[in-house]
Amino acid sequence: MTLEEKMVLVDQMAAKHGLNKTLAALGVSKGTWHYRRGMLSYTEKYATLRSPLLEIARRHPHYGYRKVTAELQDAYSIAINSKVVRRLQKAWELPLLRVVRHPKPSAIRRVLRQLGDRINLLSTLPSIGILQVLYTDFTELVYDRQCQKAYLMPLVDHTSKLVVGWAVGRSDNSAVALNAWRRAKDNLRYLGIALSKVIVHHDQDSVYTGHEWLRQVRVLDQARVSYALNGAGDNPEMESFNGHFKAECASILWEQKDLLSVIRVVQTRVTYYNDIRRHASLGNIAPAVFLRKHGFKPR
């Protein structure tokens, strides 16, 4: 469902169910609602400009708002501020063609392309030992009655299912990723695992092909990195974890009002996941219990 369709439903249902409940049910923030309502009154005020602006957009699709403003003056004898034109173009989503030059791939991207299928290190492993392979990816957490969102990045062991490290932030960026990796490193060292023996497997998102991530994980910490060849579809273990984790704490996140509260929820749920929650793949025991059975002493 598009945002415009949701806005129509809000208009229809708000009187019956209340604005706040309707917005929450449709996943539309109040800020978006007020902005759209403001834009609606703005476009109504300048409704007579829609037709000439559309004609100009069709004849001169490469024109920016300044040239469109000049065209309105010369061809239609309409004198108007260029800022108004720019805002109306955005509001009406008028076609504005740009010659987009895709940036050249970075040196890291070029190396990954040259390596081809070899960037997926897991395909060459005859078997996977405990704490040898960590899966990771970002996943979106919706909270505050679906009006806000945060991003969680966990690192999960292939064999023991232990969440070795995690971090939550307002965006899926390198800072959050490195914070999660720092926690994972501390736990791995505590468990006596050499980082050089660890493979971190993820997709080819810009964070994981970026200089900050690779410099820390691969160069400084000497862990190995492995890339999924087909996005999320090539990292099913991580997709499964993220799906189950979000489903199990969705109702709790619904009530949280700020990021700090979300972080506390995730911390509590990760502790439960590692120390208490039974996993069928481990013979219905928790990851921490599994590790103890194999001679490790998790915190």
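**Figure 1. Overview of the protein, with its twelve helices and six strands.** The model shown is predicted, and buried residues account for 41% of the 299 residues in the protein. The accessible surface comes to about 17000 Å², with 51% of this area belonging to carbon and sulfur atoms. Among contacts between residues at least 6 apart in sequence, 60% join residues at least 24 apart.

**Figure 2. Close-up of the buried residues of helix α9, which spans residues 211–220.** W213, L214 and V217 are the residues concerned, and, seen down the axis of α9, the buried residues fall within an arc of 90°, so they line one face of the helix. An α-helix has 3.6 residues a turn, so residues three or four places apart point the same way. The buried residues of α9 pack against the helices α7 (107–115) and α8 (174–190), and likewise against the strands β3 (148–157), β5 (199–202) and β6 (224–227).

**Figure 3. Close-up of the other side of α9, where H211, E212, R215 and V219 are exposed.** H211, which lies in helix α9, has a relative accessibility of 58% and therefore counts as exposed, the cut-off for this class being over 50%. The C-alpha atoms of H211 and I108 are separated by 8.1 Å, although these two residues are 103 residues apart along the chain.

**Figure 4. Close-up of the backbone just after α9, at Q222.** In the stretch that follows the helix, Q222 takes a positive phi of about 60°, and strand β6, one of the elements against which the buried residues of α9 pack, covers residues 224–227.

Key
Residues are numbered from 1 along each chain as its sequence is written. This is a predicted model: local features need pLDDT of at least 70, side-chain atom pairs count only at pLDDT 80 or more; totals for chains, interfaces and linings use all residues. Side-chain values use heavy atoms; hydrogens and water are left out. Buried means under 20% relative accessible area, exposed over 50%, partly exposed in between (1.4 Å probe, protein chains only). Helices (H or I, at least four residues) and strands (E, at least two) are DSSP runs, numbered from the N terminus. The arc is that of the directions from the helix axis to the C-beta atoms. Contact means heavy atoms within 4.5 Å. Accessible areas come from the Shrake-Rupley method with a 1.4 Å probe; for residues, only the protein chains shown count as cover.
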